[in-house]
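This briefing is addressed to a reader who has the sequence and the coordinates at hand. Please consult both while going through the points below.

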Amino acid sequence: MTDTTTFVLVHGSWQGAWSWDGVRDRLRGHGHRVITPTLPGRGALDEDRSWIGHDDNVAAVLTAIDADADGPVVLAGHSLGGVTISQVADQCPQRVARLVYCDAFVLEAGESAADVLPGEFRAAIRELSGTRTDRSIPMPWEVWRANFVQTASEQLARESHRRLVPDPYRPVFEPVKLRRPVHRELPVTFLAFTQDVAVPPGPGFWHPGMTGRLTGATVTQIDGDHEILLTAPELLADALHHAAMAAG
């Protein structure tokens, strides 16, 4: 891998490509190319998201890679974006130089994200989805502030919350389809955020919870909350840069 790497950054729930803006700019400052696809259903608040499943998310990322990437990419996913990058890599492993899970779900074939969530958290998601006709899942302000961006300024917390949209239901509860365990076969890095309390009981859900599902992964711990891509994007970008350079 040369000093110039192409990164494909896949956002997590409730967000869009905009959530990577600070990370993207920092990576470009390091001389890298950065592609930030927006997954389906990230438009108007009242749009119908009932149709969106894993295949739709995967197709959006594959389209972005085919359009803008020449060689193998570093494919990074944040949170639920980990579910998408695993399935993208399963479909085109030859296009992936390294997988990077950023406090992201690492699932086995036939599992859903909901399957690995604590029962109370899963029940809360189901309850929230019942408030909308398309069953999409809104993000309450109180949860966002206390559990996702607790290190942010009040201004950043409020501004980012205003940009969130309800998350499609199916990608949380649909089992993933994997032909092979790409997360144990491809080069992989896991970036673990030490102040992440998004999923009870805290950081342990991600590390060692998710990292324990990987084989031979490089695990790098970073001081930040679940939304470090918003609250400390330079730290996350530098960690992504070092992950790519270590693979060269």
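Is C102 buried or exposed? With a relative accessible area of 0%, C102 is buried. The model under discussion is a predicted one. Its chain has 248 residues, 56% of which count as buried, and its secondary structure comes to eleven helices and six strands.

**Overall dimensions and packing**

- The radius of gyration of the chain is 17 Å, which agrees with the value near 18 Å that a compact globule of 248 residues would have.
- The C-alpha trace spans about 50 × 40 × 35 Å along its principal axes.
- About 10,100 Å² of surface is accessible on the chain, and carbon and sulfur atoms account for 50% of that area.
- When contacts between residues at least 6 apart in sequence are considered, 77% of them join residues at least 24 apart.

**Cysteines**

- The structure holds zero disulfides.
- For C92, the closest cysteine sulfur is that of C102, and the 18 Å between the two sulfur atoms is too far for a bond, given that a disulfide requires sulfur atoms within 2.5 Å.
- Seen from C102, the closest cysteine sulfur belongs to C92, again at 18 Å and too far for a bond.
- C92 counts as buried because its relative accessibility is 8%, and C102 is likewise buried, at 0%.

**Aromatic pairs**

- The count of aromatic pairs comes to six.
- One of them joins F105 and W206 in an edge-to-face arrangement, with 5.2 Å from centre to centre and 80 degrees between the planes.
- This pair links distant parts of the chain, its two residues being 101 residues apart: F105 belongs to the loop between β4 (96-102) and α4 (113-116), whereas W206 belongs to the loop between β5 (188-193) and β6 (218-222).
- F105 has a relative accessibility of 6% and therefore counts as buried; W206, with a relative accessible area of 1%, is buried too.
- Y169 and F173 form a stacked pair, for which the centres are 4.3 Å apart and the planes differ by 15 degrees.
- Both members of this stacked pair, Y169 and F173, are buried.
- W14, W144 and F148 are linked into a cluster by ring pairs.

**A charge over a ring**

- Y169 also takes part in an arrangement with R135: the charged end of R135 sits over the ring of Y169, at 3.8 Å from the ring centre.

**Surroundings of L240**

- L240 is located in helix α11, which covers residues 233-246.
- Its relative accessibility is 0%, so L240 counts as buried.
- Which residues are in contact with L240, leaving aside its neighbours within four places in sequence? They are F7, L9, V23, L27, A76, V100, C102 and L191.
- C102, one of these contacts of L240, is the cysteine described above as buried at 0% relative accessible area.
- A113 lies 127 residues from L240 in sequence, and their C-alpha atoms are 24 Å apart in space.

How values were computed:
Residues numbered from 1 in each chain as written. Predicted model: local features only at pLDDT ≥ 70, side-chain atom pairs only at ≥ 80, totals over all residues. Heavy atoms only, no water. Phe/Tyr/Trp six-rings, centres within 6.5 Å; stacked < 30°, edge-to-face > 60°. Helix = DSSP H or I, 4+ residues; strand = E, 2+ residues; numbered from the N terminus. Buried < 20%, exposed > 50% of the residue type's maximum accessible area, 1.4 Å probe, protein only. Lys NZ or Arg CZ within 6 Å of the ring centre and 35° of its normal. Rg over C-alpha atoms; globule rule 2.2 N^0.38 Å. Contact = heavy atoms within 4.5 Å. Areas by Shrake-Rupley, 256 points an atom, 1.4 Å probe, with all protein chains shown as cover.
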